[in-house]
Amino acid sequence: RDWNSDVCSSDLRLMRRNIDGVLLLDKPLGLSSQQAVSQVRWLFNAAKAGHTGTLDPAASGLLPVCLGEATKFTQMLLDADKAYRARVRLGVTTTTGDAEGEIIAKKPPAVDRAMIDATLARFRGEIRQVPPMYSALKRDGKPLYEYAREGVEVEREARTVVIYDLQIIVFKGEFLEITVSCSKGTYIRTLAVDIGDALGCGASLSALTRTGVGPLSLADPQVHTLDALKALSAAALEACLMPVDTLVSNLPKLMLDAASAARVLAGQRLPWGSARQFSAGDQDAPKPGFTRLYAMPNNQFLGLAVVDERGGIAPKRLLATVSDPAHGALQNI
């Protein structure tokens, strides 16, 4: 078996299982996100797998891997905020903005902590970034990195991103370690380069670890490495999976009675006021926007819906479930 390939024998393909859940993976350096997903899929012999946002081979850290029904909710984390720990090399500029590129300039960084603090303050909040040439963004159907490898510079429009938090961990010599909490679409490589330009010495990204994706954290005890997973039995592997709704645990929760749940699963919209009607006990009615739906009395996750301004519920992404009239419950199929 080639770990970095998603090609299996026909026998293995026929044996793949329909298994649902979320694996919080600490992706190692040197693997692409898709290669990491392929290894997880092979370990679980899963019929379907995907990830929630690319992490470059030169970066490590949190990569939520979705199996089965969980793949329906990957977009929610693609659009989520992210958190990183980054190591910036001051005074060194490279062709790619990180350690993978060739060094094109060196300048001793004549900076101190006060200068760095003042500079970082300028990058908190809304900022404008020009995407790097070495990125997967496409122009005329072709990734920018392919143009870059051909020596072609393509004009890119600056984009607005948000840096919620930006703090120094360590500043020693030419190396600066920072933590970054940011909106989707933020390039930490570009942030490192822009910080170096603002300091007047230039800079490049020398190491990057993703520490958070939406509500999920690298510090969670349920985060696993590939090496640890490979040493587990099949039963122990399954115990590593988290529920499908882990991906959307930051969204409001709404409980539905059996009749309303059955209507939602049939793709029907519940009328205005439903969100308030089904908000049980002291739980506030969900605000307009995406909400998680659960069926009473077993607290079974059904999927996502959008609540409108007047409390109407429109199902959007649902699990493959059916109503079981004989038992008055909802069961997975």
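The legends below describe three close-up views of a predicted model.

**View 1. Helix α2 and the elements that surround it.** Helix α2 covers residues 33–44, and its 12 residues reach 17 Å from the first C-alpha to the last, which is close to the 16 Å expected at 1.5 Å a residue. The helix is mostly covered, with 9 of its 12 residues buried; among them are Ala36, Val37, Val40, Leu43 and Phe44, together with the polar or charged side chains of Ser33, Ser38, Gln39 and Arg41. These buried residues pack against the strands β1 (21–27), β2 (49–51) and β3 (60–67), and also against the helices α7 (226–230) and α8 (234–239). Asn45 follows α2 and has a positive phi, near 55°.

**View 2. Lys27, a buried lysine in strand β1.** Lys27 has its place in strand β1 and is buried, yet it has no salt bridge, since the nearest side chain of opposite charge, that of Asp56, is 8.1 Å away and a salt bridge is counted only within 4 Å. The side chain of Lys27 instead reaches the backbone oxygen of Ala59 at 2.8 Å. Leaving aside neighbours within four places in sequence, the contacts of Lys27 include Ser33 and Ala36, both of which are buried residues of α2, as well as Leu55, Asp56, Pro57, Ala59 and Leu63.

**View 3. Ser183 in the loop between β11 and α6.** Ser183 lies in the loop that runs between β11 (175–182) and α6 (188–199), and this serine counts as buried because its relative accessible area is 10%, where the cut-off is under 20%. Not counting residues up to four places away in sequence, Ser183 touches Asp81, Val161, Val162 and Tyr164.

Definitions and conventions. Residues are numbered from 1 along each chain as its sequence is written. This is a predicted model: local features need pLDDT of at least 70, side-chain atom pairs count only at pLDDT 80 or more; totals for chains, interfaces and linings use all residues. Side-chain values use heavy atoms; hydrogens and water are left out. Helices (H or I, at least four residues) and strands (E, at least two) are DSSP runs, numbered from the N terminus. The expected span of a helix is 1.5 Å times one less than its number of residues. Buried means under 20% relative accessible area, exposed over 50%, partly exposed in between (1.4 Å probe, protein chains only). Contact means heavy atoms within 4.5 Å. Lys and Arg count as positive and Asp and Glu as negative; His and the chain ends are not counted. A polar contact is a pair of N or O atoms within 3.5 Å; within protein, one must be able to donate a hydrogen and the other to accept it, and residues adjacent in sequence count only if both atoms are side-chain atoms.
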